[in-house]
Amino acid sequence: MSAQLSAVAVNLLGLVEHPELGDSPYRIDADGKPYVPVGDGGLVLGLALGDSVFAVDADHAAPGVCLTHRDEAARHALVLYSCIGNQAEVRTGAAAGARGAVIGKRGENGRVIVGFRPADLARMRPGDQVSVRSRGQGHRPAWLPAGISVMNLDPELPAKLPISQVEDHAVGASVRTVLPARLAGNGLGRPAAGWDLDLQLGAGDGHDLRLGDLVAIDDIDARFNMGFRGGWVSVGIVVHGSSPLPGHGPGMTPILTGPRSQVVARPDRDGHAGLTAGLLQLW
Amino acid sequence: MKAASNADRLVSQVLTGEVWPPLADRHGYRVGPDGQPFVLPGMGGVTLGVHCGDQAAGYASDHLEPGASVRNADPAANMAVQFLTCVSNAVRVDSGPAAGAIGHVIGQHAYVLVDFTEAEAAQLTAGDAVTIIAVGQGLRLLEHQSIVVKNCSPGLLEAMPGGTMPDGRLEVHVAARIPAEAIGAGVGMISEYANTDLMGAYAGLGDDLSLGLESLRIGDIVAMADQDHRYGRGYRAGYLTIGVISTGQCMLFGHGPGPSSLLSGPADAFSLVDDPDANLASWFHRAGQDQR
């Protein structure tokens with residue numbers, strides 16, 4: 001049925017976000033301590049795929065630029081249609097012509113995270129226009145067994161990620177770790193097509209996730225909104241770093257969801273490789 | 001022994017608001033747990049027929065808000081209304097046929113939720129003006145320094161059974177205990193705004209969605225395991241948050257009946273007593289009763 005439908009590409013325009021703060025510089029961390037949030041959106045330097053989500057003292061920092069749009073409805077479309085692995089090209093500014101790739105999406109008002117080569121990032125500034133060649137929503141790989149859903153992936157990407165059919169009815173995924181549902185945070189109850197799911201993890205919790213890792217969370221169904229469903233599992237790509245805010249943490253953009261009998265997450269704490277700069281040709 | 005507090009040092013602030021209409025968009029449908037599209041009422045306006053003590057789930061409704069849903073039309077004033085209003089604060093109707101009626105706050109949900117008697121609620125509609133006597137933010141328990149009070153009026157603290165135990169713990173009576181897996185939308189938000197939706201209470205849907213919470217009632221005092229809501233809402237092993245169920249049935253996935261946060265601290269600072277009468281209906285929301 002849907003396997004026969006071919007995906008359509010749509011060029012979208014995003015603007016490199018400028019960070020925004022309110023009248024007070026402070027947010028309050030889980031211990032009640034005020035802090036000034038750094039790295040929450042906008043253009044972040046010094047962070048790359050493969051770095052630990054706890055590598056920097058920042059709030060929701062993502063490796064690259066966050067794209068938004070001034071029109072709220074256009075911003076939602078930018079986020080909903082963009083998929084991990086989509087190509088992006090800088091249209092204005094000193095880095096015009098530079099090519100990057102979508103590495104994730106974030107919720108709330110919506111942001112698309114795009115990775116570029118460090119030399120290109122260094123020449124960019126907030127307000128630069130970036131065109132995203134969006135493609136992937138609605139695409140269903142022909143080999144994907146019935147009962148499993150994929151989302152937020154460029155059609156070319158599944159073949160490059162450590163995801164494959166393992167039996168007639170099942171898919172296997174290499175992941176850094178498998179987490180319990182009680183650690184699902186901000187993003188619950190929100191649409192998986194446009195939000196990430198924050199994982200309530202701190203640096204001392206024994207899960208050293210890295211940006212770009214695949215990670216699984218048990219008993220979460222992410223086909224539509226994300227929420228608890230016993231016996232299911234959702235796999236996502238870690239797209240931003242940790243946060244001092246209670247209920248927040250490293251965020252994963254969901255890519256795969258289904259019953260645990262059909263989605264087999266294989267934890268590989270030391271050898272796992274997920275979304276990398278090499279895979280996206282961002283060296 | 002009732003827990004000692006700084007209640008005598010709190011001031012009341014008079015706030016205004018109006019009954020706010022339900023809001024929808026032209027696309028109508030939202031999506032349920034199995035992908036089912038739905039159009040269901042419950043949020044905003046005046047929701048009739050459901051009060052404290054009634055079942056929270058089991059209605060053809062989404063984000064059921066019992067009674068009147070109140071906001072202030074000015075955005076900044078509205079945040080003051082949402083943040084400063086506390087559970088059991090008195091709310092007076094100031095316009096329309098229900099003018100003079102006194103209701104009581106049962107929680108927040110991006111609206112302030114006010115329970116009235118059914119007869120009073122039947123005369124209310126969107127646009128009716130209300131006055132809120134807000135008191136409770138800043139409330140502290142003098143002998144329970146590790147417990148932070150949230151959205152709880154001195155009147156509610158006084159009415160709730162339990163108190164300071166000889167061993168120094170705070171005894172709290174609860175109608176239900178909530179596992180950490182049930183915490184849904186609202187996690188990661190500040191504790192003074194809206195509430196925490198509980199998953200696992202989708203009456204009539206699949207067993208794999210259930211966490212055994214279908215029998216919660218509006219107004220139930222509940223204990224949420226491994227929840228630290230002292231400075232925002234999040235998971236923390238070994239912590240506990242006491243809340244009051246202020247919203248009911250949801251069809252939207254990842255949402256559900258929701259507690260507003262009242263008390264939060266280390267689990268070992270509390271002593272819980274399971275008590276089916278631990279519900280706002282046991283103490284408030286009788287017509288004309290004036291509560292701080």
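## Where the two chains meet

The contact between the chains draws on 27 residues from chain A and 29 residues from chain B. Keep in mind while you look around that this is a predicted model. On the chain A side, strand β16 (residues 227-240) hands over the largest share, 5 residues.

What kinds of residues does chain A bring to this surface? Sorted by class, the side of chain A that touches chain B holds 10 nonpolar, 11 polar and 6 charged residues.

## Chain A as a whole

Let's step back to the full chain. Chain A has 2 helices and 18 strands. Its radius of gyration comes out at 18 Å, close to the 19 Å that the globule rule gives for 283 residues, so chain A is as compact as a globular protein of that length. If you'd rather think in box dimensions, the C-alpha trace of chain A spans about 50 × 45 × 35 Å along its principal axes.

How much of chain A is buried? Of its 283 residues, 54% count as buried. As for how the chain folds back on itself, take the contacts in chain A between residues at least 6 apart in sequence: 71% of them join residues at least 24 apart.

## Two domains in chain A

Chain A splits into domain 1, covering 2-134, and domain 2, covering 149-267. Their C-alpha centres sit 19 Å apart. Across the boundary, 32 residues of domain 1 of chain A are in contact with 32 residues of domain 2 of chain A.

Which elements supply the domain 1 side? Those giving two or more residues to it are α1 (72-81) and β7 (99-106) of chain A. Of the elements there, β7(A) gives the most, with 4 residues. By class, the residues on the side of domain 1 of chain A that touches domain 2 of chain A break down into 17 nonpolar, 9 polar and 6 charged.

## A helix in chain B

Over in chain B, have a look at helix α1, residues 75-84. Which of its residues are buried? They are V81(B), Q82(B) and L84(B).

And what do they pack against? The buried residues of α1(B) pack against five strands of chain B, namely β1 (13-19), β5 (67-71), β7 (102-108), β8 (112-115) and β9 (129-134). To see this for yourself, start at V81(B), one of the buried residues of the helix, and then find the strands around these buried positions, including β5 (67-71) and β9 (129-134) of chain B.

Notes
Residues are numbered from 1 along each chain as its sequence is written. Chains are lettered from A and ligands numbered from 1 in the order in which they are written. This is a predicted model: local features need pLDDT of at least 70, side-chain atom pairs count only at pLDDT 80 or more; totals for chains, interfaces and linings use all residues. Domain bounds come from an automatic or database domain assignment. Two residues are in contact if their C-beta atoms, placed from the backbone, lie within 7 Å. Ala, Val, Leu, Ile, Met, Phe, Trp, Tyr, Cys and Pro count as nonpolar, Asp, Glu, Lys and Arg as charged, and the others, Gly among them, as polar. A residue is buried if 20 or more other C-beta atoms lie within 10 Å of its own, exposed if 12 or fewer, and partly exposed in between; C-beta atoms are placed from the backbone. The radius of gyration is taken over C-alpha atoms; the globule rule is 2.2 Å times the number of residues to the power 0.38.
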